[in-house]
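Student: Please take one part of this model for a close look: the lining of its biggest pocket. Then follow the elements that build it outward into the rest of the chain.

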Amino acid sequence: MLLAVGWLGRSWLLGAEPIPETSSYELDLAQVRQAAAELPGQKPLRVNEELVAEASMPRAAVFAGESFDPHPMVHRAFQVVWEDSTAVIDAAMGLAMAEEMAAASGGETTFHADAYDRVQAGLEGAEAIVFTHEHQDHIDGVAKGNASVLASRVRFNAAQLANTEALDLVGMPEALRTQGMPLAARRYAPVAPGVVAIEAAGHTPGNQMIYVGLRDGRELLFVGDTAWHMRQIRELIYRPRLVTDFILGEDRAATMAEIRVLHELDKSGEVKLVVSHDADQRQRLFDEGWIGPRFE
Ligand SMILES: [Zn+2]
């Protein structure tokens, strides 16, 4: 009986749960595109990234039911480029936080200090800095940056600002909490011409996806950590309960509903999804010319 209870507990904590066939999450591309055209100005020309850190996680933490072999996780920041301005999506993290996170997961990290420096320069030059969500590996970069320069550039959403536990974890300076212009409290909030933040609470309370419509007609959707790997979206494999409920404190139902919508959106081919921590997809995005490997 104890063995049976143990097995059941293990499968409940680590096993796979099917993603529901139907979804209550709304992502209306027509409304997203409308919001992208709301602010005056031309759409952006291109998107770049910087790879700030490389780490790993047990596969079983990413793909419920799979092995405990290490699975690579890349930590990046993205830069959206117009002729005379830029915006940044996610700020990655500094060395101390990268080491802290690696120690907590029992793994190692490779930190790219040169890339981190280029991200800091990119943040300081950006018109707007937005965040897919308020976890430390996405916001620590601004917390450790030059607060007096960054304060007016950060654009948190209201739920991100309200998550003081997450902001406190990185020691977010008061100026960055109070002096930036919060994003409009709208499901589809315009950030800049061609760029829209889409409400997507689940992974965190302030989770959002960032849409970028390029001038050449191509469209990208930065899904942050809603999934950690494209396979989760393509094959509908969600994180195990041990990770979502006991480590992340994630809203499982909301995140699964979002994954169903992303699965359908990916199948439609209308928008290129960009998954923050996916090392395999990262290479494909370079090869296919979606993203450049350096901030400008
Ligand atoms: Zn992350």
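Tutor: At least two lining residues of the largest pocket come from each of strand E1 (46-58), helix H3 (59-62), strand E2 (70-81), helix H4 (95-104), helix H6, helix H9 (164-169) and helix H12 (241-248). Helices (H or I, at least four residues) and strands (E, at least two) are DSSP runs, numbered from the N terminus. The model is predicted, and local features need pLDDT of at least 70, side-chain atom pairs count only at pLDDT 80 or more, and totals for chains, interfaces and linings use all residues. Residues are numbered from 1 along each chain as its sequence is written, and side-chain values use heavy atoms, leaving out hydrogens and water.

The volume of this largest pocket is about 960 Å³. (A pocket is an open set of points on a 1 Å grid over the protein atoms alone where a 1.4 Å probe fits, with protein on both sides within 12 Å along at least five of seven lines; lining residues have an atom within 4 Å of a point.) Its lining has 39 residues, and those closest to the centre are Met57, Met101, Gln136, Ile247 and Leu248. H4 gives the largest share of the lining, six residues. By class, 23 lining residues are nonpolar, eleven polar and five charged. (Ala, Val, Leu, Ile, Met, Phe, Trp, Tyr, Cys and Pro count as nonpolar, Asp, Glu, Lys and Arg as charged, the others as polar.)

Gln136 leads to H6, which spans residues 136-143. Eight of the eight residues of H6 are buried, so this helix is largely enclosed by the rest of the structure. (Buried is under 20% relative accessible area, exposed over 50%, partly exposed in between, with a 1.4 Å probe and protein chains only.) The buried residues of H6 are Gln136, Asp137, His138, Ile139, Asp140, Gly141, Val142 and Ala143.

Two of these H6 residues reach the metal. The zinc ion is coordinated by Asp137 through OD, His138 through NE2, Asp225 through OD and His277 through NE2, at 2.1 to 2.2 Å. (Donors are N, O and S atoms within 2.8 Å of the metal, or 3.2 Å for Na, K and Ca.) Along the sequence, the donor residues follow the spacing D-H-x86-D-x51-H. Histidine 138 sits in H6 and aspartate 225 in the loop between strand E9 (219-224) and helix H11 (230-234), so this pair ties together parts 87 residues apart in sequence. Histidine 138 and aspartate 225 are both buried.

Strand E1, another contributor to the lining, is also tied to a distant helix. Glutamate 49 and arginine 282 join their side chains in a salt bridge at 2.7 Å, N to O. (A salt bridge is a side-chain nitrogen of Lys or Arg within 4 Å of a carboxyl oxygen of Asp or Glu.) Because glutamate 49 lies in E1 and arginine 282 in helix H14 (residues 279-287), the pair ties together parts 233 residues apart in sequence. Glutamate 49 is buried, at 0% relative accessible area, and arginine 282 is buried as well, at 16%.

H3 and E2 also help to line the pocket, and the loop between H3 and E2 holds glutamate 66. Glutamate 66 makes a salt bridge with arginine 231, with 2.6 Å between the closest N and O atoms. Arginine 231 belongs to helix H11, so the two residues tie together parts 165 residues apart in sequence. Glutamate 66 is partly exposed, with a relative accessible area of 25%, and arginine 231 is partly exposed too, at 23%.

A network of salt bridges links Glu17, Arg241, Asp245 and Arg252; Arg241 and Asp245 fall within H12, while Arg252 falls within helix H13 (residues 252-268). Further along H13, the side chains of lysine 267 and glutamate 264 meet in a salt bridge of 3.8 Å, N to O. These two are three residues apart in H13, about one helical turn. Lysine 267 is exposed, at 59% relative accessibility, and glutamate 264 is partly exposed, at 38%. The count of salt bridges comes to 26.

Proline 18 is in the loop between helix H1 (2-14) and helix H2 (29-36). Proline 18 is exposed, with a relative accessible area of 66%. Its C-alpha atom is 16 Å from that of threonine 226, a residue 208 places away along the chain.

Note on methods
Grid points are joined across faces, edges and corners, and a volume is the space filled by probe spheres set on the points.
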